[in-house]
Every structure is written in C-alpha cells, then in structure tokens.
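User: I would like to go through a protein model with you, one topic at a time. Could you show it first?
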Amino acid sequence: MHRLLRRSSIRSAVLCAVIASAGVCAAAVEEGVAQLLAPLQELRDWTTAEAPRTFVGEDLFELIDGGAELYHEYGFRQAVAARFEGPSSATLQIEAYQMDSAASACGVYSLLQSPKGAPIVIGQGGRLYRDYLIFWKGPFYVSLTLTVPLESAGAVLTGAARQIADRIDATGEEPALWRALPPEGLLDRKYVRGAIALSNVYVFGSGNVFGVTEGVYGEYADHRRFVFQYATREAALGQLAAAAQAIANDKAYHDVSWTDGVLGASDRDENRVTARCESDRIIVQVSRVAGAH
Amino acid sequence: MKGPVSRREFLSCSARLGALAFVAYPWSRLVGAASPGPADVPAADLAIVQGPDPFDDARRAVGLLGGIQRFVKPGQRVALLINAPRWWTKPGSFTSPEVSLAVVQLCAQAGAREIVTIVDPPAGYWRRSGHADACAKALSLVKSSGRDWVATTITKGRSLKRADINRALLEADVVINLPIAKHHAGTGFTGCLKNMMGACSSSTNRFFHNGSGASGEYEDVAFLSQCIADVNLVRKPDLNVCDATEYLITNGPAGPGELGHAQTVVAGIDPVAVDAYCASTFLSLRPERVHMIQQAFEHGIGQIDWTKLAVNKTQS
C-alpha cells in the first residue's frame, strides 16, 4: 500500500495496526489529509479565514451540496477544504478530494478540465485558468479558486498548488481504458464512472441507456468516440440491445436502424450515432454530419 | 418663409418637448424610486434586461413586468428564496447580492412589513453589494425564516409524494424566487425550478437523489428531475428574478469552472418559461432535453415555449 503522505506519524501507524477494524485507521488518514492544507509557505502573506475542515463520505454534501453526487459517482472517500484571505480582499479557496483510486482522481480531473486552460506541470497533470487551477496526483484531485481577479493570480495559484502537490507522496496510474482511444487527432479525453459524468459530455436518451459504470470519451475534429467497458461480452451485447430499444423509443432520435448488431440513429443536431460491440466493450461514435450545423 | 410662432403653437410644442424629456429621464436611477417602467406599456410576462449594473437591471426587469406593486402589497410578508447558501462560494455559483438586494429594496418600497429568507445567505452577503448602505432601511426588514419544516403532501407528484417544506414558503403572502442560471453536473441546468429544493429539508433533498433505488446511488437523473418538477407543485413563486449576470457554464453547481458573462437579469411569473429561456440562451441547452423543465411543463406549471409569452427585452 502506498504511503500517501510524507508526515504520517509512528503513533498513527501503531494505532492503525492494533485497532484497524474499529476505524481508527480512517481517523489517522483523515488527520493526514487535513495536513495537505496546513499553513502554506506560498501563502505566508495570507490569513486563514477558515481552517481546514475534513468531509468524509456523505458529509461532502455539507461542502458542495448537490455537487457532491458527481464525486460520489467516481468513488469519493474524503475531502479537505480551507479558505484564505489575501490582498485586495481576495479569497483563495482550496479543496482536495481523495478518491478511491488514482484513476478516479484522474477521471474527476479529466471531466472538470477543458483545453481552454493552460497545461501546467503540477502533480500528474494540471491546468491553469484565469482565476483557478486544478490538478491531480495519486488518488487526489485538487482545486484552487480565487474569488477576486488578481494580477498575481497565476503565481499565487501555482505556488500554492506546487506546495500541496509536494505533500502528496503517492502517484498512480491513469485509467487503463484510455488506451482504447486512437491517439491520432485526439483533442480531448475524459474518463467517466457513470451516468452523471457521461451526461456532461453527451446525453444518450433518457437515463443511463448504456448502463455505463466505466467508460472513456475522446474528442476528435469531426467526431466523438465513446468506449464503455462491461464485465463480459454477453453483458455488453445485452446492454447494446437495451440501448437500441431505448433510443428507438426516444423522440430525440430519428432514422434509427438496428442491423447486424449495429445501432444507428440521428440526433436532433443531425449528428449520426453508431454503436457496436467489440468483445466486452461497446464502441459508440457520434459523428458530425457535413453541412448539418 | 414661415411667420412668427403663435402662442398656441408655442405651448403645444413646449408640452411635447416636456413630455419627451419626462419619458427619457432615467427615473429608475433615483435612489428610493419605485419600480421603473412606462405606465402605458402592457406588463410583460417575461422581462429580460441586459446592462452593466445588476442592481439597476433587476429593478428594471421587475418594472417591465408591471412593477413590484403587481406582486407585493403594503403590509404583506414576503419570502425570498435566494440561491446563495453558505456552500456556494465560487464565482458564478450563487445569486449576485446586487440582484437580491434590488428585490429587497423593491419589496420595502412596496410596503412589505417583513421580508424573510428561506435560505439564509452567508455572513457578509449583503455587504458585498455596492448599494448596501443605501438600502440599510430595507435590509432592516430582512430576517431568517428559520428551519421550520411542514410535512406536505404532493398529490399530483409522480415521484415525490410528500416533502418537508419550509413553513415560510407555504405561509408567506408573497414568494419571490431568486435563482442563478448556471450549469449543473447532475441535471444539466439549474435555475428557478431547481432552486425550489432550497425550500426543502435536507432529508427531502436526499430522497431526490437516492429515492429511486437506482443501482448506482447517484445515477438516476430522471428521478431527481421528476422530484424537482413535483416539488414545484407545492407553491408556484409569485415572481422569479433570475441572475444571469455572471454564471458557471461548466462544472456547476459548485465550480470552479468557465464563466458566462451575459450581464442579464431575467424576470417572470412563469418559472418554466424563465428556465427555458435561460437554459437555451445562456447554456445553449434545449429546454425539452432538460428533464425537469420538460416534466414541469407536463405538470402544467408553466410554458416551455417562452416565445409564446409577452416578452419585453431591453438594454440599459
């Protein structure tokens, strides 16, 4: 098991070993997570407006209310949040979310980032926007947000982010399923763990018609590609048949076809949607039709 | 060559010029003035005001609906549902205090005896408005409604049959909904309809997310959306004033994310129409594909085709 943080105490380790089943180990990890946002040298001219607070499991709703459901879908474990006040009445809000795996943290990051942000080498991947910065490292997804525009925004955000990233000892693997996306011409990619995340990319009918629990999305110049992973080929075939029926009954689609195990349909934007099985996966392509937009 | 102007001609011309000057004068900018709006123009059902001053734009939008006096009478108790709870802190995630304060001022000017907040804004919220000092008297009428829940049956609810609703929503003389139009990762959009969740207890709201028994606890967006539509059957706000000045267009409801800056306030009596307009205009969504808007329309709560309403759009 990777040691997540550099400053885990010997006392915590002993307590974990002795009373692990009682959940004290979780408390030690919780304490360790809070250390991520302990006083940051990069913010020495800032004051702590709200000391770090930890949110575990369902408590995440207290931090971000309905926004919590997305994180839970990805496998949320706990988060720590703090707020700092600086020059010109600026406020810096920092949140670090610990997910159930590095792939999940990477997935959250992939969904919430966009190519409009400048790539930045922090953690295992990050992007800098005008007033905020997000990155991931190991099982952690971290966001830093300024509430007032600052000339020094870039420096403040990157400085604090680097220091937090340095406190995270663990690294991890990106989602393996990303290898299913052809790399040529790939403009953007996302990893999803369910219908909520998927609906932020493309809405396939009403409800989770493909029964997605794990999938990837790739954006290309003239089409979008989805790869959904299932436990078995039989499961994939069954889900494709169910999706075909759902889409055929959905008024949002027309020109629906179901031939030789390949689903075809046109959406209201005149994109052509095709879906087929490949082994234990469903491959869906949403293609822009020339002259349709 | 025309002869000297007669006394009659002079007075007639002067009167016309005077009337023109009266109409052109920006009366809305007078502190303490009642809702602006041309008296002879029929009240709109949907008012859209774009401008650099959210406080003034909100006042003008209500004016285009006929003025606050259409909604608030002297001595009435007004309940405000402002989408600015303590957990929405990032830019574009909460209703601007400028918009909220404009409505508070209008209610006070209309003679409201009490203004209660169903969801309490965080400390310092009102002070963030540049008009806070000028509206101090109006703000003195504002107080919290408290966390008093009433078990309410929703007979026509399809997924939500009962809910714990804030008593102020049920008993206030007037309810004014003050949402922000923004992206929402779960439902795609949040505005007037979803803001009604703010009037529900946390256990009721948890049911919205978990109650369908879906295999993945958080995956049943259709159920969540139906519950939102159902809860809007409890009480339709008398007025909706929706903030579309600065709002999240990605990564809502919490952010951080990309921001839209339409600098617009949208006001209307029909929450479905306001949401349909805002979802399509500011987030490029098809209203019929936003489940809760479609389902609320099917309930008969409002009109999804906002173009069928009397719309007044203006720039200040």
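Analyst: The questions below go from the general make-up of one chain to its empty spaces and then to single residues. Please keep in mind that this is a predicted model.

User: Okay, how many helices and strands does chain A have?
Analyst: Chain A contains 8 helices and 14 strands.

User: And what share of the residues of chain A is buried?
Analyst: Chain A has 293 residues, and 52% of them count as buried. The accessible surface of the chain is about 13,200 Å², and carbon and sulfur atoms account for 50% of that area.

User: What about contacts in chain A between residues at least 6 apart in sequence: what percentage join residues at least 24 apart?
Analyst: For chain A that figure is 59%.

User: Let's switch to empty space. How many cavities of 30 Å³ or more are there?
Analyst: The structure holds 1 such cavity, and the volume of the largest cavity is about 90 Å³. In general terms, rolling a probe the size of a water molecule over the atoms reveals where space is left empty.

User: Which residues line the largest cavity?
Analyst: From chain A, the lining has Ile64(A), Gly67(A), Leu70(A), Tyr71(A), Tyr97(A) and Leu112(A). From chain B come Ala185(B), Asn251(B), Gly252(B), Pro253(B), Ala254(B) and Gly255(B). By class, the lining has 8 nonpolar and 4 polar residues, with no charged residues.

User: Is the peptide bond from Gly252(B) to Pro253(B) cis or trans?
Analyst: That bond is cis, with omega near 5°. Pro253(B) sits in the loop between strand S11 (247–248) and strand S12 (259–260) of chain B. The loop between S11 and S12 of chain B also holds Pro256(B), and the peptide bond from Gly255(B) to Pro256(B) is cis, with omega near 0°.

User: Back to spaces. How much space lies in the second largest pocket?
Analyst: The second largest pocket has about 1,100 Å³ of space. Its lining consists of 43 residues, and those closest to its centre are Gln93(A), Thr147(A), Thr89(B), Phe94(B) and Arg128(B).

User: Which elements supply at least two residues each to that lining?
Analyst: In chain A they are strand S1 (47–56), helix H3 (60–64), strand S2 (76–85) and strand S3 (91–99), and helix H3 (97–109) of chain B does so as well. By class, the lining of this pocket has 19 nonpolar, 10 polar and 14 charged residues.

User: New topic: what is phi of Asp65(A) near?
Analyst: Phi of Asp65(A) is near 45°, a positive value in a residue other than glycine. Asp65(A) lies in the loop between H3 and helix H4 (68–74) of chain A, and its relative accessibility is 28%, so Asp65(A) counts as partly exposed.

User: And Asp255(A)?
Analyst: Asp255(A) is not a glycine either, and its phi is positive at about 50°. Asp255(A) belongs to strand S11 (residues 253–259) of chain A. Its relative accessibility is 54%, so Asp255(A) counts as exposed.

User: How many disulfides are there over all chains?
Analyst: A search of the whole structure finds 0 disulfides.

User: Why is there no bond between Cys107(B) and the closest cysteine sulfur?
Analyst: The closest cysteine sulfur to that of Cys107(B) is in Cys135(B), and it is too far for a bond because the distance is 12 Å. A disulfide would need the two sulfur atoms within 2.5 Å. Cys107(B) is buried, with a relative accessible area of 0%, and Cys135(B) is buried with a value of 2%.

User: Which residues of helix H10 of chain B are buried?
Analyst: In helix H10 (residues 291–299), the buried residues are His291(B), Met292(B), Ile293(B), Gln295(B), Ala296(B) and His299(B). Their cover includes strand S9 (188–190), helix H6 (192–195), helix H8 (221–231) and helix H9 (271–282) of chain B. Just after H10(B), Gly300(B) has a positive phi of about 85°.

User: Last one: where does Leu139(B) lie, and what does Leu139(B) touch?
Analyst: Leu139(B) is part of helix H4 (residues 136–139) of chain B. Leaving out residues up to four places away in sequence, Leu139(B) touches Leu101(B), Val104(B), Trp126(B) and Ala132(B). Leu139(B) counts as buried because its relative accessibility is 18%.

Methods: Residues numbered from 1 in each chain as written. Chains lettered and ligands numbered in written order. Predicted model: local features only at pLDDT ≥ 70, side-chain atom pairs only at ≥ 80, totals over all residues. Heavy atoms only, no water. Helix = DSSP H or I, 4+ residues; strand = E, 2+ residues; numbered from the N terminus. Buried < 20%, exposed > 50% of the residue type's maximum accessible area, 1.4 Å probe, protein only. Contact = heavy atoms within 4.5 Å. Areas by Shrake-Rupley, 256 points an atom, 1.4 Å probe, with all protein chains shown as cover. 1 Å grid on protein atoms, 1.4 Å probe; cavity = no way out; pocket = protein on both sides within 12 Å on 5 of 7 lines; lining within 4 Å. Points joined across faces, edges and corners; volume = space filled by probe spheres on them. Nonpolar A, V, L, I, M, F, W, Y, C, P; charged D, E, K, R; others polar.
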